[in-house]
Structures are given as structure tokens and as C-alpha cells.
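Me: Could you go through this structure with me? I would like to see how each label follows from the values.

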Amino acid sequence: MLKIPESTTRDDIVAIVERHGADRTSLIPILQDVKTAEHEISDEAMQIVADLLGIHPVEVYSVATFYAFLHGATEGRYVVRLCGTLSCDFAGKTAVAEALRSALGIDFGATTDDGVFTLEWASCVGMCDQGPALLVNDRVFTRVTPEKVAEIVAQYRGKAADDARQDIVTARNELTYASIAAGAGLKAALALPRGDIVDTVSGAALKGRGGAGFPTGMKWNFCAAEKSEHKYIICNADEGEPGTFKDRVILRDFADLVFEGMTIGGRAIGASMGIVYLRAEYAYLRAHLNDVIHQRREAGLLGANIGGIEGFDFDIVVARGAGAYVCGEETALIESLEGFRGEPRNRPPFPAVAGFLNHPTVVNNVETLASVACIFAKGTDWFKGFGTDKSTGYKLFSISGDCEKPGVYEFPWGITIADLLKEVGGGGAKAVQIGGASGVCVPARDFARRLAFEDIPTGGSVMVIGPQRDLLDVAENFLEFFVEESCGQCTPCRLGNAQLLDGVELLKSGACSAAHLADLKALGATMQVAAKCGLGQTSPSAFLSIVGAFADDVTTRPQRA
Ligand SMILES: Cc1cc2nc3c(=O)[nH]c(=O)nc-3n(C[C@H](O)[C@H](O)[C@H](O)COP(=O)(O)O)c2cc1C
Ligand code: SF4
């Protein structure tokens, strides 16, 4: 039973609800503010919120307990979240975890007696090139060492934490975005009839940069064809895939291009509202994004009659995620925006037909939208001059792990893994994990393969795995992540990931029989087709590629006593 804090007053919560509006879509922002104000979401608070929104308290409870940044339990004034992802592991996370335990005198999942600090794990904070990384509330600390832990804790104890933020810019080579004049893409697009805007995007053969590579023009066409009074375009800035952090750089350095892409998309499909779904771990970007939106409104680039086009009204708001990787999946994202648990929907209908609030909705990745602005600024021929026939343009890659120069890089599609490793100082790698935890592990003998939709498709994450690493540790890290992040709706994913994780433990201890390994492979293959959404369909990929490509290595462990 949760403790009811004495400080919780009905008046405080009424004020929060009034600020956001007594509407189901406001439930998550309301709970976020209650949590910030009270450091917990008590039973009493849930009851009051439920009354005000006219829903059952169980519905509030089910949402509050779904999201990592919301769960009801009492937290300290400062919540320290250490990133648990593979790159932070490689960079020395274990020593930092120990230093945190010792400096705070508590274990993970606990709060100090004075109520000042709570210590937690985070699945991935999107700082994979600068690990080990941690968040203290919404401030990010990178390249943390055990010595730095003492400094950070002292800073917060001394309440001198305001200037504690790190430099988080990480682009490593010149990005094309830097050469695009602000406003050029939007101006060119608005000069075209609506149908021609979609044709231009189709003509550039732009494929979605979020991972699945769905043709953007086709998606826009589906949505444009729907008849509806309301339509939406959503920018997917959830970027929770371990090893992926390029959207963070785009949002910070090229937000104008993202908003231009959204505005162009709004014009093309007939939407008047754009929503950026920003992951909770990137809360520090929110003020910047709102500033850019404000400037665009002032400049007449958002609002009514944009570009002098009578009736073209379009505006953008930023919504905060609450800490759930699955909310990157577009239908889970929409559920979350509507104020529900981030549980993926059955498809069809697809969002382009029935998305946010049941209205036709386009969901695009941050990079896809920035690329749209570039295509209109520089033309389809220019864009198609990069990459391959089936994968046009250039791509941003998030490089982390065992290499000399981790960070965000731009390369044309079609680059070989070997060439990419040369650029980033990753010579000597024994494998690379492409596409994050849900991607595949590629052994050195296959480094001539190309990063492209027709060979190895990817949302851009490349984790370099050095010769000293144990591939079973890699599989273990990813499966722990999926066990934690599965929404639990369907059995293949909820139980399958846990069973694969048990299997990895058996392999590590040398106690996994050949017959059991065969069963595990069959289980992984079943999950790929039977899980309800992309999370469970892709979560066995790393395991299957590791036990496939490194069979000799993973099956020859000496049996532990
Ligand atoms: C578990 C899961 C997580 C995802 N996370 C993201 C994400 O963080 N960002 C993203 O753009 N797409 C993510 N996707 C893909 C989205 O569902 C969707 O395909 C994408 O946002 C569409 O944009 P695009 O066509 O521009 O790539 C995820 C998919 C799954 C299954
Ligand atoms: S595959 Fe996993 S994340 Fe997706 S619906 Fe099933 S349980 Fe939820």
C-alpha cells in the first residue's frame, strides 16, 4: 500500500489538472506534474485525479505503474538513473554503479533515509558515445568515473547543481543539414500544389529513418487520401533503441529542419496539428524545442495562413514521454499520447487511417522529417545522388562501443561496415551490432556487407564490439533490456525473452545442452513471427545472430561447478 504524503492536497492536484485540462489525453502530463510536486503518486492522488478526469482509479493506477518515470513509489528529491546499456557497460558502468552505491549508501531501487536521493537503473539514456552516462532528474552526466560520482553527489548535496550540465553535442563529421538554409525547404514545398508535395517525397524515394524503412511518400499518400476533419503528423522522438542517439543531435542542432519537415507533411496530408513525442530521458531538450517553436510562430512559419496560403493553419506541440522503450512503436506511442499504457495496437487499421484519437495520423522519425526539408531545399536529384538505388540519400549513424571516435556520423547509404569502421577507428573489432538491441550482430568475416535497406537495414545504431568482449555478455545485456521493456501484452514476448535470457545464463555456465540450444533457436524463430509488435518480433535477433555466427565460441564454455 502506498503511503499518503501529508503534503498532498486536493487543491494542488486540482490546480495541476486545471493547468492541463480535465481530459484523458492529459493524464500522463498530470501524473508527471504530481510526481514532480510530491515525489510519489499516492493512492489518494490517483483517486483525486480519477475523480477529476471522470475515470476509474484503476485506470490511473495502470498508467502510473506502466512508465519508468511515473511509477507510484516514493522517490527522493534527486533521482539518479545510471544507464544500463551495452556501450555504458563497455565504458565502465559496473565501477560507476559501485561508486554510486557507496557514495549514497543505498542499492539500486532504494531512496536515502533523508529522502534526497533515489538510485535507479535506466534502460538507455541515449548517450552511448559518451558512457558511462547517468541522469540526475533531467540533467545528463557523461563519461562518469567513480571519482566523478563523488563530485556529482557532493554538488547535489550542496544544492549547487544548476550549472552541472555537460556538453552533449556529438556530431563527428560535417552534416548536410548544416548546409541547408533555414526556410528554403518549406518555401519550395509551399509553392507546390499539395499532391505534388507527396509526389516529390515519393520521387526522392525517401524511406523512413526510424528503422523499418517504410517509403515516406507512400505513407503520406495513404493519409492524404483519408477524408477527415482532423489529421495529425507526429514526430517520433522517442529514440529509446540502445545504441541510438542521432535524433538527439538533430533535435538539438537542427530542430528547425524537423519542424519544417512536419509543416511540409502537415500541408501534404491536410493536418493542422503536429506533435513531437519526446522521450523522458531527453527532457533537457524540451525548453530548446519550445523556444524554436515559439520563434517559428513569431516568424509566421507556424500558426494561421502559413506562407500566405489561405486556410493553411498548422501548429506544433511537444509532448513528454514517461520512460518506456515500447512507446517508440508508433501505435504504442499513440496510446501513450491518448493517456493510456503504451501497449501496441492491433493493425490494421494503420495510423494513416485511424491513429491519434482515431483520426488519420502520420508518424515519422525525427531524421525522416529533417530529410524532407533537405529534399525540398536541394531537390530530388540531389538527394538521389547519394546512396544506392534502393536506399537513396544519406543517413546519420550513431557509433558507440569499442572504437576511437564514437559519435554521430553522416554517411551515404551503402557504406560497408569495414569502411565505416575505418572512419571511426574501430579496426580490430570482432563484431558489430547493427540496429541496436533489436538488430543483428555481424561477425568480422562479414564486414564487407553494406548498410542499406537491401543488405543490412538499420535505424543507424552501430555498436562496435572489440576482440576482448564476450558475445554472451552482449546477448545477456540485450535480453535483460527486453525483459524489462516488454509491455507484457503477448505471451511470445513476455515469456520468450525471459526464457532466452535463462538460456544465455545456461550457455555462460556451460550447462546448455545442444538440444536445449536448438529449442531456444526455435523459440526465437517463433517469437519473430508470433509476437504482436516489432519489439517481440525483433528482440530475439541479437541472440539468434550471436549463437549462429559465433556457435563455436558460445557452446564451448567450461561447465561451472
Ligand atoms: C519497439 C519499437 C521501438 C521503436 N522506436 C522507435 C523510435 O524510437 N523512433 C522511431 O522513429 N521509430 C521507432 N520505431 C518504429 C516506429 O514504429 C515507426 O515505424 C517509425 O516511427 C516510423 O517513422 P519512419 O517511417 O519515418 O521511420 C520503433 C518500433 C518498435 C517496434
Ligand atoms: S511483442 Fe512485446 S512489446 Fe509488443 S505487444 Fe507483445 S508483449 Fe508487448
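Reply: Happy to! This is a predicted model. A good starting point is glycine 339, which follows α14 and has a positive phi, near 95°.

Me: What makes α14 count as largely enclosed by the rest of the structure?

Reply: A residue is called buried if 20 or more other C-beta atoms lie within 10 Å of its own. Eight of the eight residues of α14 (residues 330-337) are buried, so the helix is largely enclosed. Among them are Glu330, Leu333, Ile334 and Glu335.

Me: Which elements do those buried residues pack against?

Reply: They pack against α2 (27-38) and the strands β5 (232-237), β6 (273-278), β7 (315-320) and β8 (361-365).

Me: Why are α12 and α13 called oblique to each other?

Reply: The axes of α12 (residues 255-269) and α13 (residues 286-298) come within 10 Å and cross at roughly 60°. Roughly parallel needs an angle under 35 degrees, and roughly perpendicular runs from 65 to 115. The crossing angle of roughly 60° fits neither, and the pair is therefore oblique. The crossing is right-handed.

Me: How do you know which residues of α12 and α13 meet?

Reply: Contact requires C-beta atoms within 7 Å. Ala255, Asp256 and Phe259 in α12 meet His288, Leu289, Val292, Ile293 and Arg296 in α13. By class, these are five nonpolar, one polar and two charged residues.

Me: What separates the centres of domain 2 and domain 4, and how many residues does each bring to the contact?

Reply: The centres, taken over C-alpha atoms, are 28 Å apart. Domain 2 brings five residues and domain 4 brings eight. On the domain 2 side, three are nonpolar, one is polar and one is charged.

Note on methods:
Residues numbered from 1 in each chain as written. Chains lettered and ligands numbered in written order. Predicted model: local features only at pLDDT ≥ 70, side-chain atom pairs only at ≥ 80, totals over all residues. Axes fitted to C-alpha atoms, helices over the stretch in contact; angles between N-to-C directions. Helix = DSSP H or I, 4+ residues; strand = E, 2+ residues; numbered from the N terminus. Parallel < 35°, antiparallel > 145°, perpendicular 65-115°, else oblique. Left-handed = near helix turned anticlockwise from the far one by under 90°. Contact = placed C-beta atoms within 7 Å. Nonpolar A, V, L, I, M, F, W, Y, C, P; charged D, E, K, R; others polar. Domains from an automatic or database assignment. Buried ≥ 20, exposed ≤ 12 C-beta atoms within 10 Å, placed from the backbone.
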